[in-house]
Structures are given as C-alpha cells and as structure tokens.
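Biologist: I have this model open beside its sequence and would like to understand one part of it properly. Could you pick a helix that does a lot of packing and pairing, and take me through it side chain by side chain?

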Amino acid sequence: MPNDPRSDDSRAEARREQIRAAAEDCFRQYGFHGTSIAQISKAAGMSTGHIYHYFDNKEAIIADIVAQDLARLQEMTAQFRMAGDVRAAMIERAAGAVEDNLDPGRAALQVEIVAEAARNPHIAEIVRNADVACRDGLLEAIRRLRREAGHEDSEADLAGMVEAMAAMFEGLRIRAIRNPGLDRAAVVRVFRAMIHDLLSRSA
C-alpha cells in the first residue's frame with residue numbers, strides 16, 4: 001500500500017519543528033556562534049545526519065524560525081484587514097502582543113537573531129525581507145483604517161506610523177531583558193492608549 005503523502009509531510013514537519021525547538025533553546029543559551037549542529041542534534045535527540053536531512057546549516061534553521069514568525073504576524077495583520085473595526089482589533093490584540101514580546105525566552109531568541117543579522121549579510125537579508133512583508137501587511141491595514149476615517153495620509157506618514165508601532169513592540173524585547181519584573185498590566189494599558197492615539201491622529 002503506497003504511503004500517504006500527507007502523512008509523510010506531517011511527519012517531516014514534526015521533525016522540522018523538533019529541530020526548530022531544539023535550535024531555539026541552543027541559540028538562547030549559547031548564542032548563534034556558540035551553538036553547533038552537534039549541540040542542536042543532542043538537544044533534538046536525533047543524529048546530525050538527520051538534522052542535515054532537513055536543514056543545510058544553522059542559517060537555514062534561522063531562516064525557518066524567521067519564516068514561522070513571519071507567518072504568524074502575517075496572519076495577524078490579515079485579521080486586522082478583515083476586521084469590521086480595524087482600530088478596535090489592533091487595540092484588542094495589544095495585550096497578546098505585549099505578552100509575546102515580553103516573554104524572556106522569546107525576547108532572548110529575537111535579540112540573538114537581530115544581533116546575528118548585524119554581522120551576517122545572509123541573515124540580514126532574511127530578517128529584512130521578512131520585515132518588509134510584515135510592514136506591508138500592517139501598512140495596508142492602517143491605510144484602510146485611516147481612509148475609512150476620512151484621513152488623507154501620504155505614504156511617508158503611513159510608513160511612519162508603521163515604524164512607530166513596530167518600534168513600540170520590538171522595544172519590549174529589550175525591556176524584557178533589562179527589566180523582567182515590569183508591570184505588564186500597566187504596559188498593556190498604556191500601549192492600548194498609544195495605539196488609539198497613533199491611529200486617530202490628525203493627518
């Protein structure tokens with residue numbers, strides 16, 4: 001009886017997820033350069049040959065991690081664009097986004113990837129391409145919101161709003177490391193107000 005391709009794909013994705021999770025743990029603990037494929041292999045509980053069956057090298061694993069993160073963010077921005085009230089949807093999602101960016105493990109991994117992007121042109125290209133895709137989705141959601149509210153914004157102003165919002169949330173990753181005991185509920189309240197004010201500003 002022939003194998004079910006869907007079952008094969010499911011098993012392959014499960015293996016890739018196993019490797020991703022192990023690599024993320026290693027990158028957080030040892031940094032990108034301090035992590036070897038052998039360490040990832042040990043953490044994943046599989047041979048190095050098995051690792052190389054799914055990923056060519058560490059850079060390929062980072063590319064996969066970034067792609068997973070991008071897919072999650074693109075799904076979120078798609079939900080914003082489809083929402084009846086885009087502003088309300090963004091404000092409602094603020095709590096989850098604050099929690100995501102303040103998670104210490106997630107913050108440590110993202111900071112490590114950005115640090116590697118500052119040194120490695122290939123990783124920089126991966127990270128920047130993902131950022132472009134994410135910014136484009138968010139910009140389209142904000143453009144729709146602003147037009148429906150009667151605002152006529154230049155593309156530069158819309159891009160500025162996107163950058164300001166991205167900086168707000170990405171900055172939380174540094175705060176999660178520097179001040180892990182910060183009052184998250186207070187941050188959520190302030191972020192919701194900031195998002196409301198940013199999206200409601202006069203053109």
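Modeller: Happy to, and one cut-off will help first: a residue is buried under 20% relative accessible area, exposed over 50%, and partly exposed in between. Please keep in mind that this is a predicted model.

Let's begin with the setting. The chain has 9 helices and 0 strands, and its C-alpha trace spans about 60 × 50 × 30 Å along the principal axes. Of the 203 residues, 38% are buried. Contacts between residues 24 or more positions apart make up 70% of those with a separation of 6 or more.

The part I would choose is helix H7, residues 121-148. My reason starts with the largest nonpolar core, where Ile40 and Met90 touch the most other members out of 57 residues. H7 supplies the largest share of this core, 10 residues. Met90 shows how H7 is met from elsewhere in the chain: leaving aside residues up to four places away in sequence, Met90 touches Leu138, Ala141 and Ile142, which fall within the 121-148 stretch of H7. Met90 also touches Phe80, Met165, Ile195 and Leu199. As for Ile40, this residue sits in helix H2 (residues 37-44), where the buried residues are Ile37, Ile40, Ser41 and Ala44. These four cover an arc of only 105 degrees around the axis, which means they lie on the same side of H2.

Back on H7, the next thing to look at is its crossing with helix H9 (residues 184-200). The two axes come within 10 Å and cross at roughly 65 degrees. H7 brings Ile142, Leu145 and Arg146 to this contact, while H9 brings Leu198, Leu199 and Ser200. By class, that makes 4 nonpolar, 1 polar and 1 charged residues. Two of these names have come up already: Ile142 and Leu199 are both among the residues that Met90 touches.

Now for the charged side chains of H7. Glu140 and Arg143 form a salt bridge, with the closest N and O atoms 2.5 Å apart. Both residues belong to H7 and sit 3 residues apart, about one turn of the helix. There is a simple rule behind this kind of spacing: an α-helix has 3.6 residues a turn, so residues three or four places apart point the same way. The two partners differ in burial. Glu140 has a relative accessible area of 36%, so it is partly exposed. Arg143 has a relative accessibility of 13% and therefore counts as buried.

Arg146, which we met at the crossing with H9, pairs with Asp153, and their closest N and O atoms are 2.9 Å apart. Here both ends are covered: Arg146 has a relative accessible area of 0% and is buried, and Asp153, at 17%, counts as buried too.

For contrast, consider a pair away from H7 among the 17 salt bridges of the structure. Arg72 and Asp100 have their closest N and O atoms 3.5 Å apart. Arg72 is in helix H4 (residues 58-82) and Asp100 in helix H5 (residues 86-102), so this salt bridge ties together parts that are 28 residues apart in sequence. Arg72 is partly exposed at 31%, and Asp100 is likewise partly exposed at 27%.

Note on methods
Residues are numbered from 1 along each chain as its sequence is written. This is a predicted model: local features need pLDDT of at least 70, side-chain atom pairs count only at pLDDT 80 or more; totals for chains, interfaces and linings use all residues. Side-chain values use heavy atoms; hydrogens and water are left out. Buried means under 20% relative accessible area, exposed over 50%, partly exposed in between (1.4 Å probe, protein chains only). Helices (H or I, at least four residues) and strands (E, at least two) are DSSP runs, numbered from the N terminus. The arc is that of the directions from the helix axis to the C-beta atoms. A nonpolar core is a set of buried Ala, Val, Leu, Ile, Met, Phe, Trp, Tyr and Cys residues joined through side-chain atoms within 4.5 Å. Contact means heavy atoms within 4.5 Å. A salt bridge is a side-chain nitrogen of Lys or Arg within 4 Å of a carboxyl oxygen of Asp or Glu. Axes are lines fitted to C-alpha atoms, for helices over the stretch in contact, and angles run from 0 to 180 degrees between N-to-C directions. Ala, Val, Leu, Ile, Met, Phe, Trp, Tyr, Cys and Pro count as nonpolar, Asp, Glu, Lys and Arg as charged, and the others, Gly among them, as polar.
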